[in-house]
Each structure stands twice: as C-alpha cells, then as structure tokens.
Amino acid sequence: MSHISDLFIAGRWTEGRSGGRFPVVDPASGELLASFAIADEADCDAAVEAASKALPSWSATAPRERGEILRRAFEILTDEREKLAETIVLENGKSYADALGEANYAIEFFRWFAEEAVRVRGDFRLSPSGDKHIVVTHQPIGVALLITPWNFPAAMATRKIAPALAAGCTVILKPARETPLTAAFVVDALQRAGVPDGVVNLVTPVPTGPAVARMLHHPDVRKVSFTGSTEVGRVLLHEAADNVVSASMELGGNAPFVILPGADLDAAVEGALIAKMRNGGSACTAANRFYVHSSLAADFAERMRSELSQWQVGPGLDRSNQLGALVSVQERDKVAELVSAAVDFGATILTGGESSKDGAFYSPTVLTGVTHHNPIARQEIFGPVTAIIEYDDVDDAVRMANDTIYGLIAYVYGESAQALSVAQRLDAGMVAVNRAVLSDPAAPFGGMKQSGLGREGSSEGILEFLEEKYIGIDL
Ligand code: NAD
C-alpha cells in the first residue's frame, strides 16, 4: 500500500498549513488505513498558484519531452501495478481482480497520451475568396482542476492527468475523500517520472464544496474536468459559469442491458455477469436495468441466480474472493434500502439481498418482477444487484431504455443486424453490442443527456484540454 498521506503542492509533499487530518478507512474491516492531510483554503490557493507559475514553461516544453515523461510514468506504474492494485483494494474495497484490472486500465492512459502528445494537429486553409489564409492551431487551455470519484480512484485520475499534461496544461487533482491514497500513489509516480514542480498538485480539502468553489473562482483556473455524480456535476457547472470556465463532465449513468429475442443466452449471461459485477456494480457503466425478452426472461433469471449464488464474497486482498466490499457502510446501506424499496414495489429476491454484519459487504442479488417504474430501475444502484424487467415488444424495450435522464452507456445482446439497429436507436454516448466492456483508452468515453459533456480518452480526450485558435493571414 502507498504510505503517502500528504498534500502535494509545488513539487513538495506537505502536511498542509492547518495540520488537520481525516481518516481513510478499509471498508472491508473498518480499520483505519491512514490519516490524510486536510488542505485548507491557503493550501488550495498555493496549489493553484503553483500550477499557474509552472504553466508557461510546461506549455512551452516540447511535446516529445512531455510525452516521454508520461511514458516514464507508464513504465514506473507498470512495474508497481500490484502495489497500486493493493492500495485500491484497501481503500475502495473492490476485489483484487477488479483492482488489478483498474490499475492496468489506469496506467494505459499514460502510454496512450504519451503518444497523443505529439499528434495534436492543426489546419491550414485557403479562404473561399482565395486571397487569405486560415490557420487553425491549438494551445493548452491553462490551469485545470481535476475532480475524481472513489469508484475508480486510479483510472479516473489518470484519464484526466494524462491528456492534460500531454496538452501542456498544469493541474490540481482533487480526489474523493474515501480514496486519496491511490491518488497520492499516482502523483508520486509522476514526480518520479520527472514531472516538473508545480505541474501536478494534489489537494484534499474538507469540506470539499467551498474549497472547490474557491478554486473555480480563481482567475487562473480555466478548466474543470469532473467525474462523479450528476448532482455534484450540476453544482460545478453553475459554479464554473461565473468565470466561464470550460467544463468536461463524466457523470452518472443508468445503463440498460437489452436482451433481444433470439439472443445467444450463454453469451448474454456471460456478458451480464461482467457488465453488472465489474467493480462490484459500483461503476457508472454498470448494467443497471436488464430488459429481457419474455421468451428468455425466466431462463436468464435462473442462470444469473445459479451463477451469482455461488460467488465468493469477502475482503479483496484475498484473491479468491470474486466480490469485495462496497466503499463504505453507508453505500452498502443505500443499496440495501433500494432493494427493500424494490421489493415493496413488487419485486422478488431470487438470491442475495443480505448485508454483512461486519464490513461493507452486500451479497450478489437477483431481482425479478421488476417493472420499468420500480425505483430501482430509475436510479443508479451502484451495487451488485441485477434487476430484471420482462418485455414483449422490442420497440417498448427501446422506449423504456431511453426513458431516463441519463445516457452514458447501453448494452444490447442479440442477432447482429437487429442488435445494431437497436444500438442506433439508443440514446447513449456508448453502446456495447454483444460485448460487456467498452472502456478502452483508445476509444472516446462519455455520455449524452445528463450523463455528461465531452469525451475522455482517445484522440478526443486531449482536445478537452486544448483551445482552438484561428490565426488569419493576409499574405
Ligand atoms: P460524487 O459526485 O459524490 O463525488 C465526486 C467528487 O466530487 C469527489 O471528489 C467529491 O469529493 C467531490 N465533491 C462532492 N461534493 C462536491 C461539491 N459540492 N463541490 C465540488 N466537489 C464535490 O461521486 P462519487 O460518489 O464519488 O462517485 C460516484 C458517482 O460518479 C456515480 O454517480 C458514478 O456514476 C459517477 N461516475 C461517473 C463516471 C463517468 O465516467 N461518467 C465514472 C465514474 C463514476
């Protein structure tokens, strides 16, 4: 596990000016892992000022050199990926396999954006009148505030830091209070990779809201990139409006998983187990509502019950456990309340539905008899609960799948041509057809509707940290 539990400002680890600390707890055991430094207003100001001071030289650093530093971070973290995974397990609770999967995904962003740093393109055009030249170029947007959630504490940080640094921006990372140790691990690796002082800063203010608002009102902060709930995203969009700060938002989801008539049930069950249970269900991409054609629904439910009732649940550091803990007892209780509300609304528990006495564990659960209007189908469950809704008509399934404020990801299983035609009708930034995992540094990740603004990863991800500039030339 990482033993760093301090702030990182202007190239130095510091306890912060207040000397205050907050606890970081292992949700599997309830044990204290560390007391992490609290950043006060002066620390946050210092981080913004450090990022601001470092900006001119970092943005003028050759893209190749920026890329090579990112590449070194990729190499350092590749060597240390098991230690990174253990840190993730300890403070987040997820299983070791999920944590190692996250570590690999997270590290890959440094390699991907090391390569993208030298691929920022511009354009040179002739005006229609033929007597003027139009040059379109890019420049780094400036100091960026990066705010990340607890569910993918490494990947959500690297998915932002890597493109920001590749673009020539300097950053202040504000990780979730539950998972600051993973953030410190990543920042430490960046320092060892040769990131100059002030280019990456780490602050953990408590309480969060006022400190983030203050940083967003600093005139030098020109970008906020946020991953978290839609609720907090809305607050940040309001705050960003005051200084017209550019905002990228990766927000909540309510992913439908549609199984069409004639789908290969073996493939659909295999995909459903991954799309539902990856990260213990605590993923913005987690399948949340299973719309299963009535010809397959009973078989699907029974197959899911039979698989999930055998899952081994326990602390993630024991590598034989398939499902770890939720991030906190409060999150576990939220899931339990949603399940009990679902039952009050007419759902039946086929398996699971149990909270642990010790630790933040919730058993893998399958619910049948769920209707589209059941509260469990209307919001993110963020836990290991499969909610199955039967349908008869594919048009109805599409209508129900789209009937949500969210639009992050959707899954479709079925015969290829029909599945593709349904995929085209689904309002989601990402649609998985006959597959269960879409997250890929080389692909644009992001949502429609209230699931977000902008895209991360791929060649689109770096554009979020660049301003387009038009230079007109009259020769
Ligand atoms: P959250 O919105 O509660 O917190 C996210 C971050 O915002 C944390 O760092 C938190 O400290 C900070 N925060 C909280 N209140 C704030 C405020 N008033 N001002 C500024 N910052 C504030 O989300 P969470 O519970 O940590 O994470 C779960 C949510 O994240 C889910 O909704 C999930 O769908 C979403 N998520 C989305 C993606 C995506 O890419 N779309 C990826 C992962 C998670």
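**Ligand surroundings and internal cavities**

Around the ligand stand 28 residues, of which Thr 148, Lys 174, Ser 229, Leu 251 and Glu 380 come nearest. The model is a predicted one. By class, the shell around the ligand is made up of 15 nonpolar, nine polar and four charged residues. Both domain 1 (7-251 + 451-473) and domain 2 (255-441) contribute residues to this shell, so the ligand lies between them.

Several polar atoms of the protein face oxygen atoms of the ligand. For Glu 380, a polar side-chain atom lies 2.5 Å from a ligand oxygen atom; for Arg 159, the distance from a polar side-chain atom to a ligand oxygen atom is 2.9 Å. Ala 176 places a backbone N or O atom 3.5 Å from an oxygen atom of the ligand. The ligand taken alone exposes 840 Å², and 86% of that is buried by the protein. Two or more residues of the shell come from each of helix H5 (155-167), helix H7 (208-216), strand E10 (221-227) and helix H8 (230-242). H7 supplies the largest share, three residues.

The structure also contains six cavities of 30 Å³ or more. The largest has a volume of about 100 Å³. It is lined by 15 residues, and Asn 279, Gly 280, Ser 282, Ala 325 and Leu 326 are the closest to its centre. This lining comprises seven nonpolar, six polar and two charged residues, and at least three residues come from each of domain 1 and domain 2.

The second largest cavity holds about 80 Å³ of space. Among its 15 lining residues, those closest to the centre are Pro 256, Ala 401, Ile 409, Asp 427 and Ala 428. Nine nonpolar, four polar and two charged residues form the lining of this second largest cavity.

Note on methods
Residues are numbered from 1 along each chain as its sequence is written. This is a predicted model: local features need pLDDT of at least 70, side-chain atom pairs count only at pLDDT 80 or more; totals for chains, interfaces and linings use all residues. Side-chain values use heavy atoms; hydrogens and water are left out. A residue is near a molecule or strand if one of its heavy atoms lies within 4 Å of it. A polar contact is a pair of N or O atoms within 3.5 Å; within protein, one must be able to donate a hydrogen and the other to accept it, and residues adjacent in sequence count only if both atoms are side-chain atoms. Accessible areas come from the Shrake-Rupley method with a 1.4 Å probe; for residues, only the protein chains shown count as cover. Helices (H or I, at least four residues) and strands (E, at least two) are DSSP runs, numbered from the N terminus. Ala, Val, Leu, Ile, Met, Phe, Trp, Tyr, Cys and Pro count as nonpolar, Asp, Glu, Lys and Arg as charged, and the others, Gly among them, as polar. Domain bounds come from an automatic or database domain assignment. On a 1 Å grid over the protein atoms alone, a cavity is a set of points where a 1.4 Å probe fits but cannot get out, and a pocket is an open set with protein on both sides within 12 Å along at least five of seven lines; lining residues have an atom within 4 Å of a point. Grid points are joined across faces, edges and corners, and a volume is the space filled by probe spheres set on the points.
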